[in-house]
Each structure stands twice: as C-alpha cells, then as structure tokens.
Amino acid sequence: MSENFLDRNGLSHLWAKISALFVRKDGAKVLSTNDYTTTEKNKLAGIAAGAQKNQNAFSNVKVGTSTVAADSATDTLEFVAGSNVTLTPDTTNDKVTFSAKDTTYNVFRGATATPAGAGAAGLVPAPDTGQVEYFLAGDGKWKKPPQKTYGSFSPPTNETAGLSGLVPAPRAMGQNNVLFGHGWDRISVTTREDSEKCSLRLHFGSDADAEYQETYINAANPSTAGLMLPAEKTKLAGFMEASKYALKSDISGMYKYKGSVTDASKLPTTNRQTGDVYNIETAGQYGGAGMNVAWNGTAWDPLGEIFTVTAITNAQIDSICV
C-alpha cells in the first residue's frame, strides 16, 4: 500500500487552503441553521411583483407508457389527428371529440385464372362449420389440403436400383447408426497402435464379415505430421497453458542483485548485464550512502538511497497555523 507524508511546505499550503475556505470565529457568534443563503436570495429575486401561487392544473399528460410534460406554466398541449381519426374541437364547452373514420372494409375477392383476374384485399370470408383443417386458397375459398401418400424406401440389389420413399424407422439402440443403401446400420472404429504408427479401421455394417477399410497413420515427429501417441499426450497434459509461463524475453531485463561496493569507482566496467543491481555504501556521484544503481544497458541508473523521515513537531505546526 502506498503511503504519503506531510512536510512543512505541504502543511503551509494546507493552512493557506483552509484560511481561504473558512472564516475565523468572531467572538461568541455561532452559525445558525436559519442563515439566509444565496439559493434563497436567488429564488426570491426570481419572483415577479404581484406573483401568485399556481392554480390547480395538469403539468404532465400520460399517453400509454409515455409522459408529455409541460415546458412552461402556460405551455399548450396540441392534439393532432392521425390516420383514420377525426378531431372535432368545441371551444364553447372546452372539449375535443375523437372520431374514427374509414371503418368500412370491402370483402376479400379471390383471383381467377384470367390475365385480368387479380384478387382484391378485404375482409376474409368466414369458414363453414367443421372446416377447422381447411386453408384459404387464392381463389377466396376455404379448401381442405389434398391427401397424398408416400411409398416406403427400398434398398437396391445387384440388379436393380433402390426406390425413394419414407425412411424406415431406426431400431432401438440405433441412435448412432447411419442410413446405408441397405438401411440403417453402424460404422465402428477400432485402432491399433505401436511406438511408430497407428491404424484406423472403419467397419461398415454390423456383421462379422462386414466390409472394412484400414488406414495406417504414422506417429507425429518433429518434421512430419501424424497421430499423437498416448505417452506424448500424457506428457503434454502435464504442462499448464502457455499464458502461465514467462518467455525468456520477459525476464531478461529483470533486476538481479549482484552485491555491494564501497564507492562508485568499484562498480564493474565489464561483463555487465541489463538489470544488474549494486549497493554503493558511501555517498558519491549517484547520491547518498546506500544508493542502489542498476545497469540499463548503457549506464548505471540510480534507483534509491537511504534517507530519514522525521515527524513535524507541534511547535512547528503552531508556528505555521497563525
């Protein structure tokens, strides 16, 4: 945690700030909660002669989730007619009547097969009783979707091609199967490995004599891509992610304490590495006794020296705060 200290110059500056912000106590006088403030003075100055308290009125008008607020005491709220709305003001009785217009709609007209047989927008005709599964066709009539059946999927043979159709249902426990030409079946994968290569065998089908394809993949090495063997995977898993390791470049410039010398003339002039730190026991060109210096690559850079901090006395404070 960083700590700061207050010296005599700082205390003098602090006292000057306090003197500028506050006034000295005048004898037995004390502050009162009824002081006449600048805010009250400005408020009183803003009240015109003969002004009176505002009469009851609405300063906000809420429309749905929005609120329209008055910008002044005599602000005007304006009503604007929108689409299909008519406003009728009555200045004698102080009211406004809102009326809807254009509320009559034509009946929907279906299209015909002629070039000029385009339909027309309008109200949709009501469906008859029982037509819950019907849809409205382009000709304006409610119709039932046509019934259509599909054949079943048929696998091929050596002499004939298969037939398209509904996919057969997979059997139980067949969630990992795939659809072959002969139906649902599985692809299984087995591996064999030694110190130099692995083989990958794909089985197409569930029978013992099912077709298979075997591919050999060599183990990876520094010059050739390949599979990672278990021993190498175990070794790799023992490392943390790369972000938790420091690069050599990250630590090459770090401070390294090398020792202490009696004076600056004893600092090494050869075999210096960036970050080398020495303590100088006596005062000299780099500062007081106990100064630490670090080699920055071109010169010795002073880091800090031993110094003493003493507390300011009460007598010194009294001499400043007058």
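Here are some friendly notes on the structure above, set out as numbered points.

1. **What kind of model this is.** Please keep in mind that this is a predicted model. The protein has 322 residues, of which 11% count as buried. Its secondary structure comes to 5 helices and 15 strands.

2. **Surface and contacts overall.** About 27,200 Å² of the protein is exposed, and carbon and sulfur atoms supply 55% of that area. If you take the contacts between residues at least 6 apart in sequence, 13% of them join residues at least 24 apart.

3. **The four-stranded sheet.** A good place to start looking is the open sheet made by 4 strands, which follow the order β12-β13-β14-β15 with mixed pairing. At its edges stand β12 (256-261) and β15 (300-304); each has a single partner strand, so one side of each is left without a neighbour in the sheet. From one strand to the next, the twist averages 30 degrees.

4. **How the strands pair.** The mixed pairing can be followed strand by strand. β12 pairs with β13 (residues 276-280) in the parallel sense, over 5 bridges, and here Lys256 stands opposite Asp276. Moving on, β13 and β14 pair in the antiparallel sense over 4 bridges, with Ile280 opposite Met291. Finally, β14 and β15 run antiparallel and are joined by 4 bridges; in this pair Trp295 faces Trp300 as its opposite residue.

5. **The turn between β14 and β15.** These two strands form a hairpin, with 4 residues between them. Have a look at Gly297 in the turn, which has a positive phi of about 110 degrees.

6. **The nonpolar core.** Which residues make up the largest nonpolar core? There are 9 residues in all: Val261, Ala264, Leu267, Tyr278, Ile280, Met291, Val293, Trp295 and Trp300. The elements that give two or more residues to this core are β13 and β14 (291-295). The most comes from β14, which gives 3 residues. Of the 5 residues of β14, 4 are buried, so this strand is largely enclosed by the rest of the structure.

7. **Ile280, a core residue to click on.** Ile280 belongs to the core and stands opposite Met291 in β14. Setting aside neighbours within four places in sequence, Ile280 is in contact with Val261, Thr262, Asp263, Ala264, Leu267, Tyr286, Ala289, Gly290, Met291 and Val293. Several names on that list, including Val261, Ala264 and Leu267, also appear in the core.

8. **Asn279, a polar residue in β13.** Is Asn279 buried or exposed? Its relative accessibility is 17%, and buried means under 20%, so Asn279 counts as buried. This residue lies in strand β13, and its side chain makes a polar contact with the side chain of Ser260 at 3.1 Å. Leaving out neighbours within four places in sequence, the residues in contact with Asn279 are Tyr257, Gly259, Ser260, Val261, Gly290, Met291 and Asn292.

9. **A hairpin earlier in the chain.** Strand β1 (residues 60-63) and strand β2 (residues 66-69) run antiparallel, joined by 4 bridges. Val61 has Val68 in β2 as its bridge partner. The two strands form a hairpin with 2 residues between them, and Gly64 in the turn has a positive phi of about 65 degrees.

10. **Two backbone angles to check.** Most residues other than glycine have a negative phi. Against that background, two residues deserve a look. Asn84 has a positive phi of about 65 degrees although it is not a glycine. Asn84 sits in the loop between β2 and β3 (85-90) and is partly exposed, with a relative accessible area of 36%. Asp94 is not a glycine either, yet it has a positive phi of about 55 degrees. Its place is the loop between β3 and β4 (95-100). How does Asp94 count, buried or exposed? At 69% relative accessibility, Asp94 counts as exposed.

Note on methods
Residues are numbered from 1 along each chain as its sequence is written. This is a predicted model: local features need pLDDT of at least 70, side-chain atom pairs count only at pLDDT 80 or more; totals for chains, interfaces and linings use all residues. Side-chain values use heavy atoms; hydrogens and water are left out. Two strands pair if DSSP finds at least two bridges between them. Axes are lines fitted to C-alpha atoms, for helices over the stretch in contact, and angles run from 0 to 180 degrees between N-to-C directions. Buried means under 20% relative accessible area, exposed over 50%, partly exposed in between (1.4 Å probe, protein chains only). Contact means heavy atoms within 4.5 Å. Accessible areas come from the Shrake-Rupley method with a 1.4 Å probe; for residues, only the protein chains shown count as cover. A polar contact is a pair of N or O atoms within 3.5 Å; within protein, one must be able to donate a hydrogen and the other to accept it, and residues adjacent in sequence count only if both atoms are side-chain atoms. A nonpolar core is a set of buried Ala, Val, Leu, Ile, Met, Phe, Trp, Tyr and Cys residues joined through side-chain atoms within 4.5 Å.
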